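This report introduces a single protein model to a reader who has not seen it before. Please look at the sequence and the structure together before reading on.

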Amino acid sequence: MKTEVYESLGVLNRAIEEVARSVLQLKELAVLGPEFAEIRRLAAEQIRAEINHSVIMAMSEAEAQMRHAAEVLRRINAGE
């Protein structure tokens, strides 16, 4: 599961980066106004940051639970 989560996060990050680049390109082509484009680019970056944060926090919690379970099993096996 861990591999799939980080692969999905990588795909999502690359896709959002492409969105941000496309918005900037449309601004450079004078199709989007500078302020409008910057607000949309920042919105995409915010979405990316929030998703990254949520995923990392969830994965950190899951790993902490696995470490705790492994420690409990180790102690049981050691007779503590």
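The sections below go from the overall form to the helices, the loop and the salt bridges.

## Overall form

The model described here is predicted. Its secondary structure consists of 2 helices and 0 strands. The radius of gyration of the protein is 21 Å, whereas the globule rule gives 12 Å for 80 residues, so the protein is more spread out than a compact globule. Along the principal axes, the C-alpha trace spans about 70 × 20 × 10 Å.

Of the 80 residues in the protein, 16% are buried. The accessible surface comes to about 6100 Å², and carbon and sulfur atoms account for 62% of that area. Among contacts between residues at least 6 apart in sequence, 67% join residues that are at least 24 apart.

## Helix α1 and its cover

Helix α1 has 27 residues. From the first C-alpha to the last, helix α1 reaches 39 Å, close to the 39 Å expected at 1.5 Å a residue.

Which residues of α1 are buried? They are L9, G10, N13, I16, A20 and V23. The cover over these buried residues includes α2.

## A buried methionine in helix α2

M59 belongs to helix α2. With a relative accessible area of 8%, M59 is buried, because the cut-off for this class is under 20%. Leaving aside residues up to four places away in sequence, M59 touches M1, K2, V5 and Y6.

One of these contacts, Y6, can also be described by its distance along the chain. M59 and Y6 are 53 residues apart in sequence, while their C-alpha atoms are 9.5 Å apart in space.

## The loop between the helices

The loop lies between α1, which covers residues 2-28, and α2, which covers residues 34-78. Two loop residues are described here. A30 is located in this loop and follows α1. The phi of A30 is positive, near 65°, in a residue other than glycine. As a general matter, most residues other than glycine have a negative phi. A30 is exposed, with a relative accessible area of 65%.

V31 is also placed in the loop between α1 and α2. Is V31 buried or exposed? At 56% relative accessibility, V31 counts as exposed, since the class begins over 50%. Together with L26 and L29, V31 makes a nonpolar surface patch of about 280 Å².

## A salt bridge between the helices

Side chains of opposite charge can pair when their charged atoms come close. The count of salt bridges in this model comes to 8.

K2 forms a salt bridge with E63, and their closest N and O atoms are 3.0 Å apart. K2 lies in helix α1 and E63 in helix α2, so this pair ties together parts that are 61 residues apart in sequence. K2 is partly exposed, at 45% relative accessibility, and E63 is partly exposed as well, with a relative accessible area of 22%. K2 is also among the residues that M59 touches.

## Salt bridges within the helices

In helix α1, E18 pairs with R21, and the closest N and O atoms of this salt bridge are 2.8 Å apart. Why are E18 and R21 separated by about one helical turn? The reason is that they are 3 residues apart in helix α1. E18 counts as partly exposed at 42% relative accessibility, and R21 counts as partly exposed at 45%. Both residues take part in a network of salt bridges that links E17, E18, R21, E45 and R48.

In helix α2, the side chains of E71 and R75 meet in a salt bridge, with 3.0 Å from N to O. Because E71 and R75 are 4 residues apart in helix α2, about one helical turn separates them. E71 is partly exposed at 29% relative accessibility, and R75 is partly exposed with a relative accessible area of 43%.

Conventions:
Residues numbered from 1 in each chain as written. Heavy atoms only, no water. Patch = residues over 30% accessible without salt bridge, like charges linked within 9 Å, V, L, I, M, F, W, Y side chains within 5 Å. Areas by Shrake-Rupley, 256 points an atom, 1.4 Å probe, with all protein chains shown as cover. Salt bridge = Lys/Arg side-chain N within 4 Å of Asp/Glu carboxyl O. Buried < 20%, exposed > 50% of the residue type's maximum accessible area, 1.4 Å probe, protein only. Expected span 1.5 Å × (residues − 1). Contact = heavy atoms within 4.5 Å. Rg over C-alpha atoms; globule rule 2.2 N^0.38 Å.
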